[in-house]
Amino acid sequence: MSPRACPCRHLALALTLTLVTAMGCREPAETVFRYSTDASSRAGLTPLPDGVLTGNEAGAVVRLDRTGALVWRVALGREVATRPVVAGDSVIVGTVAGDLVRLALADGAERWRLTGEPPVLTPLVPAPDGASVYVVAPDGAVRSLAVDTGKVRWKTPAPKPDEAHLDAGRGLPSPVLVDGRLVVALGDVGLVALSTADGARVWRQEVRGVLGLEVRGEALFASTRDKRVWALRTQDGAPLWEQSPAKDLTSPPSLALGLLWVGARVEDAPVLVGLSPEDGKEVARVGLPDVLTTHVAEAPGDVLLVPTHGRQGRLLALKQPTWERAFSLRTDTALRSRPVVLGEQVFVLGQDGRVLSWKLRPPEPERRP
């Protein structure tokens, strides 16, 4: 086991379990490991069948198994700001210095490296067949690269700066793939759907200031900085519905346990709002200890996992159908990326660069008199 990994029998103060509901004396989660990547991170976690991948600000790419043991570690020298992606038997990862690197999934061996590229600040998107990876530059230009060689298959030009008003120092929301189209949020230009075959524009919809995207079937969901949540038809971008659940939205939309979830603030109080994916009507509203800035996830037992971006870094577990808090896991580091759930095991990445994992126990059935 890696010296950075701590087995579950050695609990640390930085990994505190707080039980906040009367579920009997049994703890609802068992610590599996905590692993420090040795630098802070905003990259997020990539799920694998037997563990996770991540990167950090020191430029390390790390693969861990389910026990927290280090499978391999590669030093790229500059910050990895977005999560590595898996394409076939390869891992594609980019740095803020403009390096794009292909690594072998099995052992981390380098296959090719491109240098002098635009900074990789927007999450990469692999094609379902693993043959291509789509790269969005900070100025909004989009490229399709062949995974086996790194060669450009097609490229679209960046939108005009005075139209898009993009911040070159920040990444764009993660693009999504649906029905042979890559949907990209390009600032004030709006949402643009590109053909994955040649990059040709299929449709554009003036949904500006996008925080994030989510797809289910023929519906594309977007949350925006102007307090709106949209549902669009993936085929042509036509609006299906639009709602304004709060004056300040803080997260991308997430589909979990049959609802569309989005973080918000109401009178400076952080909340989680659940909407019906069919018509956008509000179904649930739950107060949070800190703001949600990323996606939620679902776990076995109809449990919703909500990572919060505060100093205490609480991972909340909400139980369907009342969405009452079942328990809370405190990490003492902000949680800025989606949790990864593999069966009964959950992984989170802290802002301080620690990967934390627990085994969740199904909630005990309610006792009836």
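The legends below describe close-up views of a predicted model.

**Figure 1. Salt bridge between Arg 143 and Glu 117.** The side chains of these two residues come together at 2.4 Å, N to O. Arg 143 belongs to strand S13 (residues 142-146), while Glu 117 sits in the loop between strand S10 (110-114) and strand S11 (125-126), so the salt bridge ties together parts that are 26 residues apart in sequence. Arg 143 is buried, at 8% relative accessibility, whereas Glu 117 is partly exposed, at 24%. In the whole structure, the search finds 16 salt bridges. Side chains of opposite charge can pair when their charged atoms come close.

**Figure 2. Salt bridges of Arg 228 with Asp 226 and of Arg 285 with Glu 282.** The side chains of Arg 228 and Asp 226 meet at 2.6 Å, N to O. Arg 228 has a relative accessible area of 26% and is partly exposed; Asp 226, at 34% relative accessibility, is partly exposed as well. In the salt bridge of Arg 285 with Glu 282, the N to O distance is 2.9 Å. Arg 285 is partly exposed, its relative accessible area being 38%, and Glu 282 is likewise partly exposed, with a value of 41%. In addition, Arg 204, Glu 206 and Arg 208 are joined into one network by salt bridges that share partners.

**Figure 3. Surroundings of Gln 345 in strand S33.** Gln 345 is located in strand S33, which spans residues 345-349. With a relative accessibility of 9%, Gln 345 counts as buried. Its side chain reaches the backbone oxygen of Arg 66 at 2.8 Å. The side chain of Gln 345 also makes a polar contact with the side chain of Ser 357, again at 2.8 Å. When residues up to four places away in sequence are not counted, Gln 345 touches Val 32, Phe 33, Arg 66, Val 340, Ser 357, Trp 358 and Lys 359. Both polar partners, Arg 66 and Ser 357, thus appear in this set of neighbours.

**Figure 4. Aromatic pair of Phe 33 and Phe 347.** The structure holds four aromatic pairs. In the pair of Phe 33 and Phe 347, the ring centres lie 6.0 Å apart and the planes stand at 55°, so the arrangement is tilted. A pair with planes over 60 degrees apart would count as edge-to-face, and one with planes under 30 degrees apart as stacked. Phe 33 is in strand S2 (residues 29-36) and Phe 347 in strand S33, so the pair ties together parts that are 314 residues apart in sequence. Phe 33 and Phe 347 are both buried. Phe 33 is also one of the residues touched by Gln 345.

**Figure 5. Aromatic pair of Trp 261 and Trp 323.** The two rings form an edge-to-face pair, with 4.8 Å from centre to centre and 80° between the planes. Trp 261 lies in strand S25 (residues 259-266), and Trp 323 in the loop between strand S30 (314-319) and strand S31 (324-330). The pair links distant parts of the chain, the two residues being 62 residues apart. Both Trp 261 and Trp 323 are buried.

**Figure 6. Open antiparallel sheet of strands S19, S20, S21 and S22.** Four strands make up this open sheet, in the order S19-S20-S21-S22, with antiparallel pairing. Strand S19 (210-216) and strand S22 (239-243) are the edge strands, each pairing on one side only. From one strand to the next, the twist averages 15°. S19 and strand S20 (residues 219-224) run antiparallel and are joined by six bridges. Leu 213 has Ala 222 in S20 as its bridge partner. Strands of a sheet pair through backbone hydrogen bonds, either parallel or antiparallel.

**Figure 7. Pro 157 in the loop between strand S14 and helix H1.** Strand S14 comprises residues 152-156 and helix H1 residues 161-164, with Pro 157 in the loop between them. Pro 157 is exposed, with a relative accessible area of 69%. Pro 157 touches Gly 140 and Ala 141, not counting residues up to four places away in sequence. The C-alpha atoms of Pro 157 and Val 142 are 7.0 Å apart in space, while the two residues are 15 residues apart in sequence.

Definitions and conventions. Residues are numbered from 1 along each chain as its sequence is written. This is a predicted model: local features need pLDDT of at least 70, side-chain atom pairs count only at pLDDT 80 or more; totals for chains, interfaces and linings use all residues. Side-chain values use heavy atoms; hydrogens and water are left out. A salt bridge is a side-chain nitrogen of Lys or Arg within 4 Å of a carboxyl oxygen of Asp or Glu. Buried means under 20% relative accessible area, exposed over 50%, partly exposed in between (1.4 Å probe, protein chains only). A polar contact is a pair of N or O atoms within 3.5 Å; within protein, one must be able to donate a hydrogen and the other to accept it, and residues adjacent in sequence count only if both atoms are side-chain atoms. Contact means heavy atoms within 4.5 Å. Two strands pair if DSSP finds at least two bridges between them. Axes are lines fitted to C-alpha atoms, for helices over the stretch in contact, and angles run from 0 to 180 degrees between N-to-C directions. Rings of Phe, Tyr and Trp (its six-membered ring) pair if their centres lie within 6.5 Å; planes under 30 degrees apart count as stacked, over 60 as edge-to-face and the rest as tilted.
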